[in-house]
Amino acid sequence: MDMQELIDPFARLIEDLCAPAAVRAVEAGGDSSAMWNGFVESGFLDALVAEEAGGAGLSLADAAPLIALLGRHAVPLPVGDTMIARALLAAAGVEAPAGPIAIATGAGPAPFAAVAAHILSGSPEAPVLTEARVEATGVHHDVDGYASGLDGKALRPVAAMLRAILISGAAERVMEMTVAYANERSQFGKPIGKQQAVQQQLSVLAEQAVAARIAAAIGARSGLTPRLADAAIAKHGASLAAAQIAAIAHAVHGAIGISEEYDLQLLTRRLHGWRLADGSEGYWAGVLGGLRMDEAGKPTADFLRAA
């Protein structure tokens with residue numbers, strides 16, 4: 001299958017359903033049913049479900065460009081979570097519900113839990129589905145929520161890979177917006193993008209956007225039952241990049257970047273949320289360190305090659 005034949009219509013679907021005004025409306029507590037129904041009717045929610053179970057049978061690596069588009073457009077619903085949840089449920093012989101499903105791993109607020117109908121916990125082999133009963137974070141326009149009392153730690157690796165892919169998509173869009181703004185905004189008679197200091201910052205931003213994309217690809221190669229090292233590398237790298245990308249983007253944009261009317265903050269808020277979700281860069285650095293110490297007798301070069 002030519003993946004571009006799936007990527008292009010999915011991109012058009014998201015552009016139609018998730019314009020910035022629609023994203024803001026959902027974040028403000030508006031009705032998200034029309035947006036969700038659009039994804040349901042598209043059939044993309046079953047992209048990762050095995051063909052024998054009625055899905056498209058895509059691998060996570062194949063579906064990664066689709067998930068990255070969700071991050072690129074700051075889609076305010078758990079579409080990526082639901083794609084993974086439906087695949088895990090189908091593999092376990094459990095019928096998936098029609099509504100949006102958020103994945104809760106017990107590491108801080110669960111992304112999109114406040115706009116989900118169900119929460120997935122348990123493990124990849126034995127997923128547990130419960131009705132969404134979450135506590136709001138108290139953050140302005142946040143669609144995340146605390147899903148307490150659920151044990152989803154075993155889902156943390158696959159959820160971490162999902163967040164890494166979302167980060168990679170948002171990072172690319174933030175980079176494009178920041179470069180465009182630097183070339184349009186003039187100061188002292190020339191675009192600020194012509195100033196050497198700004199150019200240096202833009203080069204670091206581009207470097208980090210590429211780093212996030214590479215990290216996400218490393219994670220996605222493991223599929224829905226990932227190697228712990230792949231998940232750790234993916235989330236650690238993407239989370240590190242997310243913090244730097246958001247900081248540089250806001251430094252270049254200045255005050256306009258944090259204004260509610262400007263679209264940048266829709267993306268950078270998500271970058272920070274996904275950076276912390278399912279384990280921050282510090283958490284996954286600890287996991288990697290533990291894996292290295294478990295093989296203390298192996299040369300570091302051999303450990304890195306195996307990872």
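Me: Is Leu240 buried, partly exposed or exposed, and how do I decide which?

Reply: Start from relative accessibility: under 20% is buried, over 50% is exposed, and values in between are partly exposed. In this predicted model, Leu240 has a relative accessibility of 37%, so Leu240 counts as partly exposed.

Me: Where does Leu240 sit, and how far is its C-alpha atom from that of Gly282?

Reply: Leu240 belongs to helix α8, which covers residues 228–253. Along the chain, Leu240 and Gly282 are 42 residues apart, and their C-alpha atoms are separated by 9.1 Å.

Me: Let's stay with α8. How do α6 and α8 run, parallel or antiparallel?

Reply: Look at the angle between the helix directions: under 35 degrees counts as roughly parallel, over 145 as roughly antiparallel. Here α6 and α8 pack at about 25°, and their axes are 8 Å apart. The two helices are therefore roughly parallel to each other. As for handedness, α6 passes α8 in a left-handed crossing. Residues making the contact include Ala160, Ala164, Ile167 and Tyr181 of α6, and Ala231, Ala238, Ala242 and Ile245 of α8.

Me: And at what angle do α1 and α3 pack?

Reply: Use the same reading. α1 and α3 pack at an angle of about 165°, with their axes 10 Å apart. That angle is over 145 degrees, so α1 is roughly antiparallel to α3. This time the crossing is right-handed. From α1, Phe10, Leu13, Ile14 and Leu17 make the contact, while α3 brings Ala34, Met35, Gly38, Phe39 and Ser42.

Me: Now helix α4. What span should its 13 residues have, and what do the end C-alpha atoms show?

Reply: Count 1.5 Å for each residue, using one less than the number of residues. For α4, residues 60–72, that gives an expected 18 Å, and the end C-alpha atoms are 18 Å apart, so the two values agree.

Me: Where does α4 bend, and by how much?

Reply: Go to Leu66, where α4 bends by about 25°. Leu66 is also one of the buried residues of this helix. Then step just past the end of α4: Ala74 takes a positive phi of about 50°.

Me: Which residues of α4 are buried, and which helices do they pack against?

Reply: Find them on the structure as you read: Leu60, Ala63, Ala64, Leu66, Ile67, Ala68, Leu69, Leu70 and Gly71 are buried. Their packing partners are α1 (4–17), α3 (33–42), α5 (79–91), α6 (156–184), α7 (196–220) and α9 (264–276). You have already met α1 and α3 as a packed pair, and α6 as the partner of α8.

Terms used:
Residues are numbered from 1 along each chain as its sequence is written. This is a predicted model: local features need pLDDT of at least 70, side-chain atom pairs count only at pLDDT 80 or more; totals for chains, interfaces and linings use all residues. Side-chain values use heavy atoms; hydrogens and water are left out. Helices (H or I, at least four residues) and strands (E, at least two) are DSSP runs, numbered from the N terminus. The bend at a residue is the angle between axes fitted to the seven residues ending there and the seven starting there. Buried means under 20% relative accessible area, exposed over 50%, partly exposed in between (1.4 Å probe, protein chains only). Contact means heavy atoms within 4.5 Å. Axes are lines fitted to C-alpha atoms, for helices over the stretch in contact, and angles run from 0 to 180 degrees between N-to-C directions. Angles under 35 degrees count as roughly parallel, over 145 as roughly antiparallel, 65 to 115 as roughly perpendicular and the rest as oblique. A crossing is left-handed if the near helix is turned anticlockwise from the far one by less than a right angle, and right-handed if clockwise.
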